[in-house]
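Biologist: I would like to go through this model with you slowly, asking at each step why a word is used. Please set each value beside its definition before you conclude.

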Amino acid sequence: MLTLGIETSCDETGVALYDDARGLLAQALHSQVAMHERYGGVVPELASRDHIRRLLPLTRQVLAEAGVALDAVDAIAYTEGPGLAGALLVGAAVAQSLGFALGVPTLGVHHLEGHLLSPLLSADAPDFPFVALLVSGGHTQLLRVDGVGRYALLGESVDDAAGEAFDKSAKLLGLGYPGGPAIARLAESGTPGRFELPRPKLHSGDLDFSFSGLKTAVATRIARGLPTEQSRADLAAEAQAAIVDVLVAKSLAAVRATGLRTLVIAGGVSANRRLRERLADASARDGLRVCFPEPALCTDNGAMIAFAGALRLRALREAGLAVPHAGGFDVRPRWPLEQLAPA
Ligand code: KG4
Ligand code: ZN
């Protein structure tokens, strides 16, 4: 079964073709970073308009790369939410129109489920059950994952997400958007520990996170003066270390609490090198299996949407249930992952 995946929830237009038998056939991505950069963040209306410009050319490109005609597509999956309403509507409208024209199953996918299942696309895919740390621009959650759609929330951020902490710290330091990669780059020439930032909720005894105090601490430190490029790099390194320390400690606590031996990290922040290194160390020390998506699949992309859609459709068929077809549609800008039904 050939599934076309369409992702337009925020500032990346992603399209991919996933085949149940052969895996990922082709994928294309257009990032709007250059367009939003001068505004210091995503401008929703500009995002929607750019998705309109990019989506069909990217779809043609993916079909050509895979050597597949449009009418060979068996199903269409698109991001239904959460995300920016206007941006989601572009993907939903194109997906539903294509699905209607082709007369094939058409399915709205939860963006975070896409991230969560993306490590299963790698050759060395983890088996269920596992603990997942979902770290994106809008979410920081620890989940117990027993199967597709079987997600139990173990803990989450009570305020800012980890990606948001990177983005806001970067903005305070005058670095570009998105902030995660910018902080990570500057941190390479810095030394953590020269400035001391808090590790919020590190010893709270629960599996929740809080990152909003961190940006205040960064702002306070900047207000006291950072005269040299070296001191800016040191503060970036400490901000990154503070976020990573908390993410690592809570993930390992979740592993202990559940008794599971596999930890999956997904979402944009999972691209962070320090986070990967720290978890690789923990894995070597504790004999824990730690799985990341391939770097290209960490941030938003169409492949994870095609894949999650294909798994959902397969599950519906195996259960003898009806698969959804194109028709009236809506998007869900706010959509808690726990509301998803098991597959
Ligand atoms: O999953 P994603 O692409 O979009 C959302 O669904 O939010 O995540 C974007 C977030 C941004 O906050 C960005 O700064 C962060 O992921 N990010 C990183 C890195 N690459 C992206 N954070 C830390 N280190 C990175 N290398
Ligand atoms: Zn995302």
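Biologist: Why is Asp-160 called buried or exposed, whichever of the two applies?

Modeller: Asp-160 has a relative accessibility of 8%, and buried means under 20% relative accessible area, exposed over 50% and partly exposed in between, with a 1.4 Å probe and protein chains only; because 8% is under 20%, Asp-160 counts as buried. Before we go on, please note that this is a predicted model, in which local features need pLDDT of at least 70, side-chain atom pairs count only at pLDDT 80 or more, and totals for chains, interfaces and linings use all residues. Residues are numbered from 1 along each chain as its sequence is written, chains are lettered from A and ligands numbered from 1 in the order in which they are written, and side-chain values use heavy atoms, with hydrogens and water left out.

Biologist: What makes the meeting of Asp-160 and Lys-168 a salt bridge?

Modeller: A salt bridge is a side-chain nitrogen of Lys or Arg within 4 Å of a carboxyl oxygen of Asp or Glu. For the side chains of Asp-160 and Lys-168 the N to O distance is 3.2 Å, so the pair fits that definition. Lys-168, with a relative accessible area of 28%, is partly exposed, and a network of salt bridges links Asp-160, Glu-164, Lys-168 and Lys-215.

Biologist: How many salt bridges does a search of the whole structure find?

Modeller: The search finds 22 salt bridges. One of them joins Arg-22 to Asp-19, with the closest N and O atoms 3.6 Å apart; here Arg-22 is exposed, because its relative accessibility is 61%, whereas Asp-19, at 9%, is buried.

Biologist: How do you know that Arg-273 and Glu-277 are separated by about one helical turn?

Modeller: The two residues are 4 residues apart in helix H9 (residues 273-286), which means a separation of about one helical turn; helices here are DSSP runs of H or I with at least four residues, strands are runs of E with at least two, and both are numbered from the N terminus. Their side chains form a salt bridge at 3.4 Å, N to O. Arg-273 is exposed at 53% relative accessibility, while Glu-277 is partly exposed at 44%.

Biologist: Why is ligand 1 said to lie between domain 1 and domain 2?

Modeller: Domain 1 (2-116 + 298-339) and domain 2 (128-292) both give residues to the shell around ligand 1, so the ligand lies between them; the domain bounds come from an automatic or database domain assignment. There are 19 residues around ligand 1, and Gly-137, Asp-167, Gly-180, Gly-268 and Asn-272 come nearest, where a residue is near a molecule or strand if one of its heavy atoms lies within 4 Å of it. Helix H4 (111-117), helix H5 (162-172) and helix H6 (179-187) each supply at least two residues of this shell.

Biologist: Which atoms of His-115 and ligand 1 lie 3.0 Å apart?

Modeller: They are a polar side-chain atom of His-115 and an oxygen atom of ligand 1. His-115 is in helix H4 and, at 1% relative accessibility, counts as buried. A polar side-chain atom of Asn-272 lies 3.0 Å from a nitrogen atom of ligand 1, and a polar backbone atom of Gly-180 is 2.9 Å from an oxygen atom of the ligand.

Biologist: What makes Lys-201 worth a remark about its phi?

Modeller: Most residues other than glycine have a negative phi, and most peptide bonds are trans. Lys-201 is not a glycine, yet its phi is positive, about 65 degrees. Lys-201 sits in the loop between H6 and helix H7 (212-223) and, at 26% relative accessibility, is partly exposed.

Biologist: Which residues does a cis peptide bond join, with omega about -5 degrees?

Modeller: One such bond joins Phe-128 and Pro-129, and Pro-129 is in the loop between H4 and strand S6 (130-135). Another joins Tyr-177 and Pro-178, with Pro-178 in the loop between H5 and H6.

Conventions: Polar contact = N/O pair within 3.5 Å; in protein donor to acceptor, adjacent residues only side chain to side chain.
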